[in-house]
Amino acid sequence: MAGFSQGDSLPELRVTPDAGLTKRYAAASGDPNPIHTDEEFAKSVGLPGTILHGLWTMAQVARAHTEAAGGDPRSLKRLEVQFRGMGFPEQEVVVTSEVVEATNGTVVTDTVAEQSGNQIIRNASATVELG
């Protein structure tokens, strides 16, 4: 991540959650809410189908930053996000970040996670220490 300056973009992260992700994530995260795991239940409460866990999407934002910093998760010093929309399995999530501040080996980014043009996370801010 060395050499990033204000206005630069971090490498995009593109990931497509498979159909079974929400069930696996529900078990791993301890969040069994049926809006994430049961298609018919999700539809019965007015959703178009099961939705991604917001924390899974947040994890992709964290992943984009740690990958840009060489893969060391300790490089991510701070992460704040706003959950702003629903994400869905089997649709690509694209995480983009712009450096808004670069000083003394640390960058601060403004980040968005989109799916089909819908910002499911926006106004995210991350502080990453460069290696």
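Me: What does buried mean here?
Reply: A residue is buried when its relative accessible area is under 20%. The model is a predicted one.

Me: OK, serine 75 then. Buried or exposed, and why?
Reply: Serine 75 has a relative accessible area of 7%, and the cut-off for buried is under 20%, so serine 75 counts as buried.

Me: Where in the chain does serine 75 lie?
Reply: In the loop between helix 4 (54-68) and strand 2 (76-83).

Me: And which residues does serine 75 touch?
Reply: Leaving out residues up to four places away in sequence, serine 75 touches Thr66, Ala69, Thr127, Val128 and Glu129.

Me: What lies 2.6 Å from a polar atom of its side chain?
Reply: The backbone oxygen of aspartate 72 lies at that distance from the side chain of serine 75.

Me: Switching to the sheet. What order do the strands have?
Reply: The sheet is open, with five strands in the order 1-3-4-5-2 and antiparallel pairing.

Me: Which strands stand at the edges?
Reply: Strand 1 (13-15) and strand 2. Each has a single partner strand, so one side of each has no neighbour in the sheet.

Me: How many bridges join strand 1 to strand 3?
Reply: Three, and strand 3 covers residues 93-103. Within this pair, leucine 13 stands opposite valine 95 of strand 3.

Me: Back to helix 4. Which strands does it touch?
Reply: Helix 4 packs on the sheet and touches strand 1, strand 2, strand 3, strand 4 (106-115) and strand 5 (118-129). The direction of helix 4 makes about 140 degrees with that of strand 2.

Terms used
Residues are numbered from 1 along each chain as its sequence is written. This is a predicted model: local features need pLDDT of at least 70, side-chain atom pairs count only at pLDDT 80 or more; totals for chains, interfaces and linings use all residues. Side-chain values use heavy atoms; hydrogens and water are left out. Helices (H or I, at least four residues) and strands (E, at least two) are DSSP runs, numbered from the N terminus. Buried means under 20% relative accessible area, exposed over 50%, partly exposed in between (1.4 Å probe, protein chains only). A polar contact is a pair of N or O atoms within 3.5 Å; within protein, one must be able to donate a hydrogen and the other to accept it, and residues adjacent in sequence count only if both atoms are side-chain atoms. Contact means heavy atoms within 4.5 Å. Two strands pair if DSSP finds at least two bridges between them. Axes are lines fitted to C-alpha atoms, for helices over the stretch in contact, and angles run from 0 to 180 degrees between N-to-C directions.
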